[in-house]
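Open your viewer, have the selection box ready, and let's take a walk through this chain together. Each stop tells you what to select and what you will find there.

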Amino acid sequence: MPEQGRGLLPGLHGLRAVAALMVFLYHLHAIPGLQVPAALPWIATHFGFGVHLFFALSAFALAWANPHAAERPGSYLIKRFFRIAPLYYIVLAVVLVLSRTGWPGIERFIAEVTFTFNLVPGWHPGLVPAGWTVGTEMLFYLLLPLLLRVRSIAGMAVVTALATLLSYEARRLLTAWLPGSDYNLASLPSNLSIFIAALLAFRIFDAVRGTAWEGRAAALAAAFTLGLLGLLLSPAGSLVEGPGDSRVLVFGYAFAAACLWQALRPSWLLRSRPALWLGERSYSIYLSHFLLILVLRPAYGWILGQLGQGGAAFLACAAITLPPLCIAAALGYRLVEVPGIALGRRLIGRSSPNPALKPMAGR
């Protein structure tokens, strides 16, 4: 959400649409056990990394939209809370009402509403289906003002290298310490380098935009993105596998480069109106898709009975899920996200003694 003087980066919105669709298609395969089309095996093996693309996008977009977060973190944190919390709380309430396991206990409930559940192994998945990523991101949001104090490309490169080492070690150690748990995949330390690599990409973007280097930087970022993704999706990708699925840390560099590429030179597809529409509502898509897939499992079973397992059944299930998913996302965005954003802006406006520091009314 751009601040005063900062416009929309359409390529990033388009990438949000890509990330949301990746996660949706991955869960459409994983939850009801649908077989993916033979021509698209990466849906089952790699589309789950869409959540990590979201991580990179969050870091890059927030650094762009909040240039004064390091000096004035209060307004930034209010915006983030009211951007994320209202919809999460509503979905949490629905989950608690429909839950067959009953009340989770006051301690876990407090961890949910304060977004600290990622700090507790076992609670880290969150009570909201697929909500673990929200717990990870909310903790990162607290760190962002401090990280934005590193203003040079060289300084951020050093921080990125250190964060990569930290994330690798976190995945390795948590794999050994908590066998049978996926906390090694979900903790903030395990994913920190993905966020910070995107901040490095942002520092490069900020240095080259509007200069003679802009086009060359975009071309290099595109080549790096496509080359690294091609390597990771090939059999050679097994070379970077490590404890706690640490290959995702290498994907983080590809996602950071993709953010730089699309921020500088957005492709026509990612800046198209459908992509921008989906990207703007990607948070509602993310929080609603899991529950919708659960609700539609009987319909998927009927389709499997008619078509059998295979690509045709998968595509048919996707076709009956996307329309209600878009409706749910549109309602969540219009009825919950937009009012939450507006409330956060009103609170910031009331707390700002200087009118020049008040946020703009538009997005």
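The tour starts with the whole chain and then moves through single helices, loops and residue pairs.

**Before you click**

This is a predicted model, in which local features need pLDDT of at least 70 and side-chain atom pairs count only at pLDDT 80 or more, while totals for chains, interfaces and linings use all residues. Residues are numbered from 1 along each chain as its sequence is written, and side-chain values use heavy atoms, with hydrogens and water left out.

**Stop 1: the whole chain**

Show everything as a cartoon. You should see 15 helices and zero strands; helices (H or I, at least four residues) and strands (E, at least two) are DSSP runs, numbered from the N terminus. Along its principal axes, the C-alpha trace spans about 60 × 50 × 45 Å.

A compact globule of 363 residues would have a radius of gyration near 21 Å, and the chain, at 20 Å, agrees with that. The radius here is taken over C-alpha atoms, and the globule rule is 2.2 Å times the number of residues to the power 0.38.

Now colour by accessibility. Buried residues make up 49% of the 363 in the chain, where buried means under 20% relative accessible area, exposed over 50%, and partly exposed in between (1.4 Å probe, protein chains only). Of the contacts between residues at least 6 apart in sequence, 77% join residues at least 24 apart; a contact means heavy atoms within 4.5 Å.

**Stop 2: helix H6**

Select residues 132–147, which form helix H6. How far apart are its end C-alpha atoms? They are 22 Å apart, which agrees with the 22 Å that 16 residues should span at 1.5 Å a residue. The expected span is 1.5 Å times one less than the number of residues.

Next, highlight Tyr-141, where H6 has a kink of about 30°, shortly before the proline Pro-145. The bend at a residue is the angle between axes fitted to the seven residues ending there and the seven starting there. H6 is mostly covered, with 13 of its 16 residues buried.

**Stop 3: two loop residues with positive phi**

Step back to Ala-130, in the loop between helix H5 (106–113) and H6. Ala-130 has a phi near 65°, a positive value in a residue other than glycine. Is Ala-130 buried or exposed? With 12% relative accessibility, Ala-130 counts as buried.

Then jump to Asp-245, in the loop between helix H10 (214–233) and helix H11 (247–264). Its phi is near 50°, again positive in a residue other than glycine. Asp-245 is partly exposed, with a relative accessible area of 27%.

**Stop 4: salt bridges**

A salt bridge here is a side-chain nitrogen of Lys or Arg within 4 Å of a carboxyl oxygen of Asp or Glu. By this rule the count is six. Three of them are worth showing as sticks:

- Arg-151 and Glu-71: their closest N and O atoms are 2.2 Å apart. This pair links distant parts of the chain, 80 residues apart, with Arg-151 in the loop between H6 and helix H7 (153–177) and Glu-71 in the loop between helix H3 (50–65) and helix H4 (73–98). Arg-151 is partly exposed at 46% relative accessibility, and Glu-71 is partly exposed at 45%.
- Arg-83 and Glu-337: the closest N and O atoms are 2.2 Å apart. Here Arg-83 in helix H4 meets Glu-337 in helix H15 (residues 311–351), 254 residues apart. Both Arg-83 and Glu-337 are buried.
- Arg-172 and Glu-169: the closest N and O atoms are 2.6 Å apart. Being three residues apart in helix H7, Arg-172 and Glu-169 are separated by about one helical turn. An α-helix has 3.6 residues a turn, so residues three or four places apart point the same way. Arg-172 is partly exposed at 36%, as is Glu-169 at 24%.

**Stop 5: a buried arginine without a partner**

Select Arg-16 in helix H1 (residues 10–30). Which side chain of opposite charge is nearest to Arg-16? That is Glu-280, 5.9 Å away, and Arg-16 is buried yet has no salt bridge. Lys and Arg count as positive and Asp and Glu as negative; His and the chain ends are not counted. Leaving out residues up to four places away in sequence, Arg-16 touches Phe-54, Leu-57, Ala-61, Gly-279 and Ser-282.

**Last stop: Gly-301**

Finish at Gly-301, in helix H14 (residues 297–307). Gly-301 is partly exposed, with a relative accessible area of 40%. Add Pro-32 to the selection: Gly-301 and Pro-32 are 269 residues apart in sequence and 8.5 Å apart in space, C-alpha to C-alpha.
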